[in-house]
Amino acid sequence: MSARQQQPKPSKQRRLHPLPRGLVELYGLIAVLIVLIPEWLADGTLNFGQIKGIDTLPMHARAWQALPELRLASMSLFEMRILAQELRFLHYAMDTRARLTARLLRRLSRCSAL
């Protein structure tokens with residue numbers, strides 16, 4: 001073996017001084033608090049009115065009302081099927097979300113062009 005491949009003798013190895021256990025636990029606690037407290041605050045802020053049944057993020061912007069793509073993206077599949085029923089689509093219940101979205105977009109763009 002060459003001199004490079006030989007491992008240094010134990011007396012020449014660097015010894016790392018371990019941190020005290022209490023300090024490691026303190027660092028862990030600080031890290032958890034830095035991550036969890038902002039997460040809890042954000043979650044609580046977003047879900048503030050949800051207990052009362054109020055929509056948390058109302059979409060009152062003009063773009064949500066003007067662009068059918070945005071309206072359909074915000075709808076659940078159930079709401080999309082209700083809209084398809086109102087527009088008198090045939091066989092809408094067996095369509096996937098992507099297919100139903102495409103059909104609704106075609107119909108809504110045709111209706112808005114008139």
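Modeller: Let's start with a term: a polar contact is a pair of N or O atoms within 3.5 Å, where, within protein, one atom must be able to donate a hydrogen and the other to accept it, and residues adjacent in sequence count only if both atoms are side-chain atoms. The model here is predicted, so local features need pLDDT of at least 70 and side-chain atom pairs pLDDT 80 or more, while totals for chains, interfaces and linings use all residues. Residues are numbered from 1 along each chain as its sequence is written, and side-chain values use heavy atoms, leaving out hydrogens and water.

Biologist: Thanks! What makes the link between the side chains of Asp95 and Arg103 a polar contact?

Modeller: Their side chains are joined at 2.5 Å, and the limit is 3.5 Å, so the pair qualifies.

Biologist: And why is the pairing of Asp95 with Arg103 also called a salt bridge?

Modeller: A salt bridge needs a side-chain nitrogen of Lys or Arg within 4 Å of a carboxyl oxygen of Asp or Glu. The closest N and O atoms of Asp95 and Arg103 are 2.5 Å apart, so the pair meets that limit.

Biologist: How do you know whether Asp95 is buried or exposed?

Modeller: Buried means under 20% relative accessible area, exposed over 50%, and partly exposed in between, using a 1.4 Å probe and protein chains only. Asp95 has 12%, so Asp95 counts as buried. Its partner Arg103 is buried too.

Biologist: Where does Asp95 sit?

Modeller: Asp95 is in the loop between helix 4 (77-86) and helix 5 (97-113). Helices here are DSSP runs of H or I with at least four residues, and strands are E runs of at least two, numbered from the N terminus. The protein has five helices and zero strands.

Biologist: How many salt bridges does a search of the whole structure find?

Modeller: Two. One of them joins the side chains of Arg21 and Glu25, at 3.2 Å from N to O. Set against the 4 Å limit, that distance passes, so the name fits. Both residues lie in helix 1 (residues 21-46), four residues apart, about one turn of the helix.

Biologist: Why is Arg21 called exposed?

Modeller: Its relative accessibility is 66%, which is over 50%, so Arg21 counts as exposed.

Biologist: And what makes Glu25 partly exposed?

Modeller: Glu25 has a relative accessible area of 47%, which falls between 20% and 50%, so partly exposed is the right label.

Biologist: How much of the protein is made up of buried residues?

Modeller: Buried residues make up 11% of the 114 residues.
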